[in-house]
Amino acid sequence: MATSKIPPTILASLKVSQDNLGDVPKDSTNSYHKYKYTSAEQMITSCREALLSGGLVFSELHAEMIHLVDKLCAARVTYRLQHPESGESFEWTRDFPIVPEKGRPLDKAFAGTLTTSLNYALRGLLLVPRV
């Protein structure tokens, strides 16, 4: 496999990663509402390839459940984007609501929210178009 030169800065590498990410296919179907969607696994796989092509490393640093009001909770997750070539990195934190339902207790809802939050964090970072 041929290797290409890694850009010298985190922003230049992010641009390369965004340029290298094509459409992320809708590989799953919601059987109840009858619509196609991109699974978290497909989003993670596609975005990981694009990030690595730009020489970037993406990671989740910390996740915690925070209590808002009444019984409302959110997942507070901190992510890091690193550029090993330059040593540059940046971090950001986002809150995403946790929605427990009948048959899905709070711990399971929290785990699902972490996956959904990761999906949206990658989508926002790489500007993945909705196709």
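Let me begin with the term on which my first remarks depend: a residue is called buried when its relative accessible area is under 20%, and exposed when that value is over 50%, with partly exposed covering what lies in between. Please keep in mind that the structure before you is a predicted model.

By that cut-off, Phe96 is buried, because its relative accessibility is 18%.

I turn now to the aromatic pairs. A pair of aromatic rings is described by the distance of the centres and the angle of the planes. In this model the count comes to six such pairs. I shall discuss two of them.

In one of these, Tyr79 and Trp92 are tilted with respect to each other, with 5.8 Å from centre to centre and 40 degrees between the planes. Tyr79 belongs to strand β4, residues 73–83, and Trp92 to strand β5, residues 88–98, so this pair ties together parts that are 13 residues apart in sequence. Is each partner buried or partly exposed? Tyr79 is buried, since its relative accessible area is 0%. Trp92, at 22% relative accessibility, counts as partly exposed.

The other pair joins Phe96 and Tyr120; this one is also tilted, at 5.7 Å centre to centre and 35 degrees between the planes. Phe96 lies in strand β5 and Tyr120 in helix α3, residues 106–126, so the pair links parts that are 24 residues apart in sequence. Tyr120 is partly exposed, at 34% relative accessibility.

Ring pairs also connect Tyr79 and Trp92 with Phe58 and Phe90, and these four residues form a cluster.

Next, the nonpolar interior. The largest nonpolar core has 25 residues, and Phe58 is among those with the most contacts inside it, together with Leu21, Cys47, Leu51, Leu81, Leu126 and Val128. Two or more residues of this core come from each of α1 (10–20), α2 (40–53), β4 and α3. Which element gives the largest share of this core? That element is α3, with eight residues. As for Cys47, once its neighbours within four places in sequence are left aside, its contacts are Leu21, Leu122, Leu126 and Val128.

Finally, the largest pocket. Its volume is about 290 Å³. The lining consists of 15 residues, of which Thr38, Met43, Asn119, Arg123 and Arg130 are the closest to the pocket centre. Helices α2 and α3 each supply at least two lining residues, and the largest share, five residues, comes from α3. By class, eight of the lining residues are nonpolar, four are polar and three are charged.

Thank you for your attention.

Notes
Residues numbered from 1 in each chain as written. Predicted model: local features only at pLDDT ≥ 70, side-chain atom pairs only at ≥ 80, totals over all residues. Heavy atoms only, no water. Phe/Tyr/Trp six-rings, centres within 6.5 Å; stacked < 30°, edge-to-face > 60°. Helix = DSSP H or I, 4+ residues; strand = E, 2+ residues; numbered from the N terminus. Buried < 20%, exposed > 50% of the residue type's maximum accessible area, 1.4 Å probe, protein only. Core = buried A, V, L, I, M, F, W, Y, C linked by side-chain atoms within 4.5 Å. Contact = heavy atoms within 4.5 Å. 1 Å grid on protein atoms, 1.4 Å probe; cavity = no way out; pocket = protein on both sides within 12 Å on 5 of 7 lines; lining within 4 Å. Points joined across faces, edges and corners; volume = space filled by probe spheres on them. Nonpolar A, V, L, I, M, F, W, Y, C, P; charged D, E, K, R; others polar.
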